[in-house]
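Got your viewer open? Let's take a walk through this one, one selection at a time.

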Amino acid sequence: MASVTFSGVSKSFGSTTVVSDLDLELADGAMTVLVGPSGCGKTTSLRMLAGLEQVSEGTIRIGDRDVTDLEPKERDIAMVFQNYALYPHLSVRENIAFPLRASKVARSEALKRADAIAESLGLGSMLSRKPKDLSGGQQQRVAIGRAIIREPAVFLFDEPLSNLDTKLRVETRTELLRMQRRLGVTTLYVTHDQEEAMTLSDRIVVMRDGRVAQVGPPEEVYRRPADTFVATFMGSPKMNLIDGAVSGGELRTPSGLRITVGGPDAALVTVGIRPDDLSIRPAADGTAKVELVELLGPRAIVTVQAGEHRLTSVVGSAELADIRPGVSVELQSRPREVHRFDPKSGVRLSE
Amino acid sequence: MKRPGWLDIIRIAVLTAAFVFVLFPIAWVALASFKTPTQMSEPFLLMFSPTGENWRAVLESGIFAAAGRSALVGVLTVSISLVVGSMGAYAIAKYRAGGSLTRFGMLAAQVVPPAVMVFPFLTMAHALRMTDTLVPVIFAHLSFVLPLVTWFLIGFFEAVPSSLEEQARVDGFSRWQAFRLVVLPQVYPGIGAAAIFGFTLSWNDLFYGLILAPGNAAILPVAISNFNTFRGVQIGAMSAAIMIAIVPVVVASFFIQRRLVQGISGGAVKY
């Protein structure tokens with residue numbers, strides 16, 4: 001068990017900086033999720049912690065050990081790759097037991113432990129199969145088994161669920177979380193999927209262009225996004241952003257769109273409203289028109305066109321009866337859930 | 001089943017012609033090895049009472065000792081080539097060692113005629129008092145087997161995902177252990193094919209053996225050429241010796257032909 005600290009870590013390939021000045025602490029036993037669009041430096045950060053990429057600047061510590069220049073094998077970590085990287089020439093049992101060959105554990109003892117882990121992961125009946133004879137979900141569990149057998153100080157996951165189908169992804173996500181809670185091992189998990197990040201994490205680190213955009217517990221990152229990037233990246237469907245002036249609790253845009261948002265007056269502001277907090281009501285003199293209705297079962301995502309803005313709203317099935325493409329609607333937000341950002345820098349304005 | 005079309009008939013005809021074309025010299029040599037010197041002047045004589053005389057002469061000439069030396073040269077050449085070549089091919093495949101010219105440059109050595117290379121080998125062997133031993137022959141064979149084996153293996157190493165090696169390193173192994181325990185087993189099929197390929201090259205070489213070890217340490221092709229004596233060519237005995245030489249090659253080619261194509265195209269597609 002150990003915490004992990006990145007201090008001032010940077011990584012450049014030639015003249016391109018992939019990660020710059022990363023300061024981050026992973027709490028002991030917690031699950032920290034690095035999330036961001038592709039190319040934001042999240043995987044590079046993980047690989048630097050694994051020792052697979054050299055650090056250009058700064059230090060990384062695991063517990064009180066400086067591991068910046070150590071080989072991966074000296075770091076006491078385990079990693080699950082996106083493609084699982086199972087050893088094709090070894091059986092399930094040998095794959096799981098393989099990390100113990102590096103330590104001085106006797107072979108019979110190693111295989112016994114591998115069998116117990118395989119059993120707990122529901123792989124008991126396929127111990128002697130080769131990876132190519134397993135389904136994606138089974139391969140994924142073998143990779144997890146191989147990661148936990150050595151009882152490492154830190155777990156690293158590099159988009160481990162992205163090769164699974166949707167149903168399996170949700171199941172495995174739950175299993176993974178349960179396992180991490182049970183073992184209480186410090187975990188760094190990288191994903192580009194904001195939903196995965198929300199459900200799994202004790203703490204979310206949102207990255208953008210090699211820098212940390214926001215760090216915090218998932219509900220805080222969702223409730224109080226630090227800027228427009230985080231605001232639109234986290235949450236699905238993504239947050240509506242509208243530039244305009246607020247007076248008397250009503251937002252007006254140059255194109256004539258009006259939305260009740262509440263709050264103090266402002267000359268020019270970017271207002272952010274999550275689709276769940278934006279309600280629409282048919283009205284003959286409405287400033288927006290329904291463009292598209294996507295049914296999700298009990299709810300629907302409604303896209304409305306208002307001037308140059310295209311906004312989305314989540315509507316319950318009860319109100320859906322009158323909402324059809326082409327209908328004029330009036331927009332209204334729940335004032336307490338409205339976010340305000342600086343229109344130039346995109347930074348969140350304090351309430 | 002549908003009736004064979006014109007294309008099928010042409011294909012079968014061409015393949016049959018090719019088969020006869022390839023088989024003809026082998027059949028000719030096989031027949032010759034059972035003929036007496038008089039019968040030898042009638043190449044198309046198919047029905048005759050075979051003689052064992054040629055085979056007896058060959059067996060008494062120490063042909064198996066020469067074959068043994070050839071095998072030893074082949075095995076040592078291939079072993080050294082595989083150890084050095086696998087590591088070299090790995091470095092070239094994963095780290096682009098030597099830049100993009102390495103692959104091509106390595107094969108450029110094949111363009112140099114053996115006649116140019118043999119004199120330095122002979123001079124060195126002489127200086128080391130190793131003429132007419134197998135040592136210079138092995139080094140000479142390495143000069144063409146090692147580059148080919150290395151080149152052949154590059155494509156196989158490129159096909160191994162780098163995450164496998166990274167996984168092994170994270171799992172607690174050193175780079176060398178990761179290479180030996182994880183990367184190398186993935187290319188075993190390529191190594192097997194390269195071994196047979198390299199062995200065949202070494203087994204068939206006459207030129208270096210003839211000049212570097214013509215006497216007591218003669219390898220099989222040299223021993224075969226020795227049937228061309230000052231009293232004329234002993235075609236019957238030579239034919240029997242040739243049969244002994246080609247059997248291992250034919251058996252080996254049968255096993256590797258598919259891998260050979262895979263290895264060559266595996267390397268070729270890249271450039």
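Which residue stands opposite R61(A) in β5(A)? Select R61(A) and look across: the residue facing it is D66(A). One thing to keep in mind as you go is that this is a predicted model.

Now widen the selection to strand β4, residues 57-62 of chain A. It runs antiparallel to β5(A), and two bridges join the pair. Add the rest of the sheet: four strands of chain A form an open sheet in the order β2-β1-β4-β5, with antiparallel pairing. The edges are β2 (16-26) and β5 (65-66) of chain A, each pairing on one side only.

Next stop, further along the chain. Select β16(A), residues 288-295, together with β17(A), residues 299-306. These two pair in the antiparallel sense over six bridges, and V290(A) stands opposite V304(A) in β17(A). They make a hairpin with three residues between them. Click on G297(A) in that turn: its phi is positive, about 95 degrees.

Keep β16(A) selected and add β19(A), residues 328-333. This pairing is antiparallel too, over two bridges. To see one partnership, pick A288(A), whose bridge partner in β19(A) is V329(A).

Last, bring chain B into view. The contact takes 18 residues from chain A and 14 residues from chain B. On the chain A side, the elements giving two or more residues are β6 (77-80) and α2 (92-102). Color that side by residue type and you'll find 13 nonpolar, three polar and two charged residues.

Conventions: Residues numbered from 1 in each chain as written. Chains lettered and ligands numbered in written order. Predicted model: local features only at pLDDT ≥ 70, side-chain atom pairs only at ≥ 80, totals over all residues. Pairing = 2+ DSSP bridges. Contact = placed C-beta atoms within 7 Å. Nonpolar A, V, L, I, M, F, W, Y, C, P; charged D, E, K, R; others polar.
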